[in-house]
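Trainee: I should like to learn how helix packing and backbone features are read from a set of coordinates. Could we work through one case together?

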Amino acid sequence: MPDATAWVMALAAMLAGAAIGSFIGTALVRLPEGRSVLAGRSACDACAVPIAARDLIPLVSWLMLRGQCRQCGAPIGVWQPVAEITGAVIGGASVLLAPEGLALPAMLFGWQLLLLGLVDAQHLWLPRPLTALLAASGAGLAAWHGWQEASLAPVVTAAAGGVLGFVMLWGVARGYRMLRGREGMGGGDPPLLGAIGLWLGPMGAIGTVIGASLLGLAAALVMLLARRPVAADTALPLGTLMAAAGWAIFLVAGSG
């Protein structure tokens, strides 16, 4: 059972995660509009009035304002608190559950996947620069492990996971297109699984596909129970499902 120090560290990681989740919530609005997520002061998207510091406290401000802009009353989307809460959970769970020595990588992996997963859930879109950043950080972690162990094995394992992840989904997408004459998978899904494979290795990439499939079946079941139509062409955000499955695997098994 985690000791008191671990719980204090988990609390600090949750606070950091909530702040990063707030940034991610802003990115969810700006990225699809082609706006910079780093430049410019936070402002209401409806009235453009700059947001005061008191209204930028993760989750607390959203609750106090009842999900509305203080100036114009425009609604603040529910994705904002979702991002903040999930960012906090990723921070705390990484400290308490990740394999020894991998808490910080688990946070980095989880927060990147959170942004990609939420963008895909909202827009069925996986920005290539974000996927490339995820891949680069996974390769960097493998290189770090290789340097620590004075071995190329971690790098080779990561590379194998990246290639296998990409090829698996690329092959499925190409086969579906040949058989059905139309696209059945977003073009950003194979690169995302390749990037996840760099973090998790070959078995982790396979596990991510299996986990995402199970999550997809669970989501379809929930939709059926809620009496929402589910058909063969119903679009589910595969990137979101893979993000959730991939991070869960990292928490259990660590890097490949």
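The dialogue below takes up helix pairs, then burial, then backbone angles and single residues.

Mentor: Please keep in mind throughout that this is a predicted model.

Trainee: Where should one begin with a single helix, and what span should the 27 residues of α1 have?

Mentor: One compares an expected length with the one found in the model. At 1.5 Å a residue, α1 should span 39 Å, and its end C-alpha atoms are 39 Å apart, so the two agree.

Trainee: Which residues of α1 are buried?

Mentor: The general idea comes first. An α-helix has 3.6 residues a turn, so residues three or four places apart point the same way. In α1, the buried residues are Ala6, Ala10, Ala13, Gly17, Ala18, Gly21, Ser22, Ile24, Gly25, Ala27, Leu28 and Arg30. The cover over these buried residues includes α3, residues 79-97, and α4.

Trainee: How is the packing of α1, residues 4-30, against α4 described?

Mentor: One reads the approach of the axes, then the angle, then the hand, then the residues. The axes of α1 and α4 come within 10 Å and cross at roughly 30°. Because angles under 35 degrees count as roughly parallel, α1 is roughly parallel to α4. The crossing of α1 past α4 is right-handed. From α1, Ala13, Ala16, Gly17, Ile20, Ile24, Ala27 and Leu28 meet Met107, Trp111, Leu114, Leu115, Leu118, Val119, Gln122 and His123 of α4. By class, that contact has twelve nonpolar, three polar and no charged residues.

Trainee: At what angle do α3 and α4 pack?

Mentor: The angle is about 155°, with the axes 9 Å apart. Angles over 145 degrees count as roughly antiparallel, and α3 and α4 are therefore roughly antiparallel to each other. Their crossing is right-handed. The residues of α3 that take part are Trp79, Val82, Ala83, Thr86, Gly87, Ile90, Gly91, Ser94 and Val95, and they meet Ala103, Ala106, Met107, Gly110, Trp111, Leu114, Leu118, Ala121 and Gln122 in α4. This contact divides into twelve nonpolar, six polar and no charged residues.

Trainee: Is the crossing of α4 past α5 left-handed or right-handed?

Mentor: Let us take the angle before the hand. The axes of α4, residues 103-123, and α5, residues 128-149, come within 10 Å and cross at roughly 165°. That makes α4 roughly antiparallel to α5. As for the hand, α4 passes α5 in a left-handed crossing. Pro105, Leu108, Phe109, Gln112, Leu113, Leu115 and Leu116 of α4 meet Leu130, Thr131, Leu133, Leu134, Ser137 and Leu141 of α5. The classes here are ten nonpolar, three polar and no charged residues.

Trainee: Let us turn to the backbone. Which sign does phi of leucine 124 have?

Mentor: The general rule is the starting point. Most residues other than glycine have a negative phi. Leucine 124 has a positive phi, near 50°. Leucine 124 sits in the loop between α4 and α5, and with a relative accessible area of 52% it is exposed. Alanine 150 also has a positive phi, near 55°. Alanine 150 is found in the loop between α5 and α6, residues 153-180, and counts as exposed at 70% relative accessibility.

Trainee: How does one read a single residue within a helix, and what does histidine 145 touch?

Mentor: One gives the place, the accessibility and the contacts beyond the sequence neighbours. Histidine 145 is in helix α5 and is buried, with a relative accessible area of 14%. Leaving aside neighbours within four places in sequence, histidine 145 is in contact with Leu102, Pro154 and Ser255.

Trainee: Is glycine 138 buried or exposed?

Mentor: Glycine 138, in helix α5, counts as buried because its relative accessibility is 2%. With residues up to four places away in sequence not counted, glycine 138 touches Leu198 and Trp199.

Trainee: How far apart in space are glycine 165 and leucine 192?

Mentor: Sequence separation and spatial distance are read side by side. Glycine 165 and leucine 192 are 27 residues apart in sequence and 8.2 Å apart in space, C-alpha to C-alpha. Glycine 138 and leucine 31, by the same reading, are 107 residues apart in sequence and 23 Å apart in space. Glycine 165 lies in helix α6 and counts as buried at 0% relative accessibility. Beyond its neighbours within four places in sequence, glycine 165 is in contact with Pro190, Leu193, Gly194 and Ala205.

Conventions. Residues numbered from 1 in each chain as written. Predicted model: local features only at pLDDT ≥ 70, side-chain atom pairs only at ≥ 80, totals over all residues. Heavy atoms only, no water. Axes fitted to C-alpha atoms, helices over the stretch in contact; angles between N-to-C directions. Helix = DSSP H or I, 4+ residues; strand = E, 2+ residues; numbered from the N terminus. Parallel < 35°, antiparallel > 145°, perpendicular 65-115°, else oblique. Left-handed = near helix turned anticlockwise from the far one by under 90°. Contact = heavy atoms within 4.5 Å. Nonpolar A, V, L, I, M, F, W, Y, C, P; charged D, E, K, R; others polar. Expected span 1.5 Å × (residues − 1). Buried < 20%, exposed > 50% of the residue type's maximum accessible area, 1.4 Å probe, protein only.
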